[in-house]
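Visitor: I would be grateful for a close look at a single part of this model. Please begin with one helix and the strands it lies across, and continue from there to whatever else can be described.

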Amino acid sequence: MFPYLLPTYSRADLAFVRGEGPYLFAEDGSRYLDFAAGIAVNALGHAHPHLVAALCDQAGKLWHTSNLYRVPGQEKLARRLVENSFADTVFFTNSGVEAIECSVKMARRHHFVNGAPERFRIVSFEGAFHGRTLAGIAAGGQAKYLEGFGPKVEGFDQIAVGDMAALKALDTAQTAALLIEPVQGEGGLRTVPAEFLRHLRRLCDDTGMLLIFDEVQTGVGRTGKLFAYEWTDITPDIMAIAKGIGGGFPVGACLAKAEAADGMTAGVHGSTFAGNPLAMAVGNAVLDIVLEDGFLEHVRSIASYTRQQLAGLIETHPKVFAELRGEGLMIGLKLKLPNTEFVATLRRHHMLSVGAGDNVVRLLPPLTITEEQVREAIAALEAAASDMESQA
Ligand SMILES: *Cc1c(COP(=O)(O)O)cnc(C)c1O
């Protein structure tokens with residue numbers, strides 16, 4: 001469409017120039033209800049005054065110093081992430097896949113420094129998405145993302161969620177870690193049963209493998225808890241987060257227990273940009289809001305309201321919708337008609353959503369959404385479903 005950009009995205013012919021809460025305004029001034037939120041990134045909506053103030057204030061002081069010096073914003077954000085999670089230590093990144101990369105390197109290093117360098121294999125799960133670097137696509141295991149990029153990075157295996165026989169057959173003496181999304185995002189909003197996660201935890205405890213959770217999409221309140229693992233009674237050893245923590249500014253982090261991180265000593269890993277003062281100011285501002293009393297309660301209650309409304313919608317349009325999926329405000333509508341067409345139709349009704357695997361439409365509204373805005377969304381979804389029915 002535009003000759004000077006690599007055409008790796010099939011973009012909608014639509015550009016936004018301004019945002020406010022859950023609304024985006026296009027070049028022609030028309031308003032869209034944003035239930036895509038930059039793919040679960042704009043957790044507090046657009047132009048949240050507290051985030052804008054934090055970014056502008058930091059922008060006037062200092063942008064970047066590198067990781068050759070202490071960065072006070074990193075120390076503050078790391079302390080808050082540790083105090084509010086299972087973790088003891090944090091490494092900041094610029095993106096989700098870099099947080100995954102750090103997690104994988106950390107798991108391999110852990111076994112290396114503990115006398116088992118042969119334990120480098122990472123086991124992930126079918127339908128996974130872990131980002132687009134060479135290691136990310138190897139971990140994701142999706143043929144469509146691997147094709148044409150040379151041999152898959154060595155050391156990544158995949159099994160199906162729930163496949164106990166495959167787990168039993170695993171060569172744990174060569175495996176560094178299991179890597180899993182507690183709720184698969186791109187793969188189609190599939191929740192991994194808590195019982196299966198518990199089983200993985202036990203297996204890791206028994207064999208010394210590490211358990212890595214990819215909470216890049218589920219983290220920072222999206223499911224109604226700060227992190228999705230809190231819905232279970234287990235904790236991972238390592239966790240990757242990104243998307244929501246920056247509220248729209250590129251930030252990611254790899255969180256870990258001290259023991260899992262024992263191989264990550266001075267000089268073994270790094271990043272020029274990661275954890276810069278701008279990113280840290282925004283990350284801290286996001287946590288100011290998400291950790292406020294009552295915020296996550298709001299997410300849980302608005303999520304259950306939204307799900308009730310969606311259940312009604314599905315019932316009245318059985319030719320369009322098959323089922324409701326996901327957790328909290330990470331919502332999936334499994335469709336009977338093509339999801340890409342539904343996303344486009346919904347966009348014509350000025351509401352934004354995102355496609356996912358398995359013919360699912362994802363709804364990822366800002367966590368600050370209100371009941372009135374949810375009703376507006378339901379009306380747009382109704383209209384789109386009716387359009388699809390009359391065309392089918
Ligand atoms: C988005 C996503 C990633 C990749 O994040 P990037 O910032 O695009 O690198 C990894 N894992 C999951 C679960 C994601 O949703």
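Guide: Helix α3, which spans residues 72-83, lies across β4, β11 (238-241) and β12. The helix runs at about 125° to β4. This is a predicted model, and the angle is accordingly a value computed from predicted coordinates.

The three strands under discussion belong to an open sheet of 7 strands, in the order β4-β12-β11-β10-β7-β5-β6. The pairing within this sheet is mixed. In general, strands of a sheet pair through backbone hydrogen bonds, either parallel or antiparallel. Here the edge strands are β4 (89-93) and β6 (156-159), each of which pairs on one side only. From one strand to the next, the twist averages 20°. The partner of β4 is β12 (residues 252-256), and the two pair in the antiparallel sense over 5 bridges. Within that pairing, F91 has C254 in β12 as its bridge partner.

The ligand may be considered next. Its surroundings consist of S95, G96, V97, F129, H130, G131, E181, D214, V216, Q217 and K243. Sorted by class, this shell has 3 nonpolar, 5 polar and 3 charged residues. Several polar atoms of the protein can be placed relative to the ligand. A polar side-chain atom of K243 is 2.6 Å from a ligand oxygen atom. For V97, a polar backbone atom is 2.8 Å from an oxygen atom of the ligand. In the case of F129, a backbone N or O atom lies 3.3 Å from a nitrogen atom of the ligand. On its own the ligand has 380 Å² of accessible area, of which the protein covers 82%.

A second open sheet is formed by 4 strands, ordered β13-β14-β17-β16, with antiparallel pairing. Its edge strands, β13 (321-327) and β16 (354-356), each pair on one side only. The twist in this sheet averages 30° from one strand to the next. Strand β13 is joined by 6 bridges to β14 (residues 330-335), and these two strands run antiparallel. One of the residues involved is E323, whose bridge partner in β14 is K334. A helix accompanies this sheet too: α10, residues 295-316, lies across β13, β14 and β17 (360-363). Its direction makes an angle of about 165° with β13.

Terms used. Residues numbered from 1 in each chain as written. Predicted model: local features only at pLDDT ≥ 70, side-chain atom pairs only at ≥ 80, totals over all residues. Heavy atoms only, no water. Pairing = 2+ DSSP bridges. Axes fitted to C-alpha atoms, helices over the stretch in contact; angles between N-to-C directions. Contact = heavy atoms within 4.5 Å. Near = heavy atom within 4 Å. Polar contact = N/O pair within 3.5 Å; in protein donor to acceptor, adjacent residues only side chain to side chain. Areas by Shrake-Rupley, 256 points an atom, 1.4 Å probe, with all protein chains shown as cover. Nonpolar A, V, L, I, M, F, W, Y, C, P; charged D, E, K, R; others polar.
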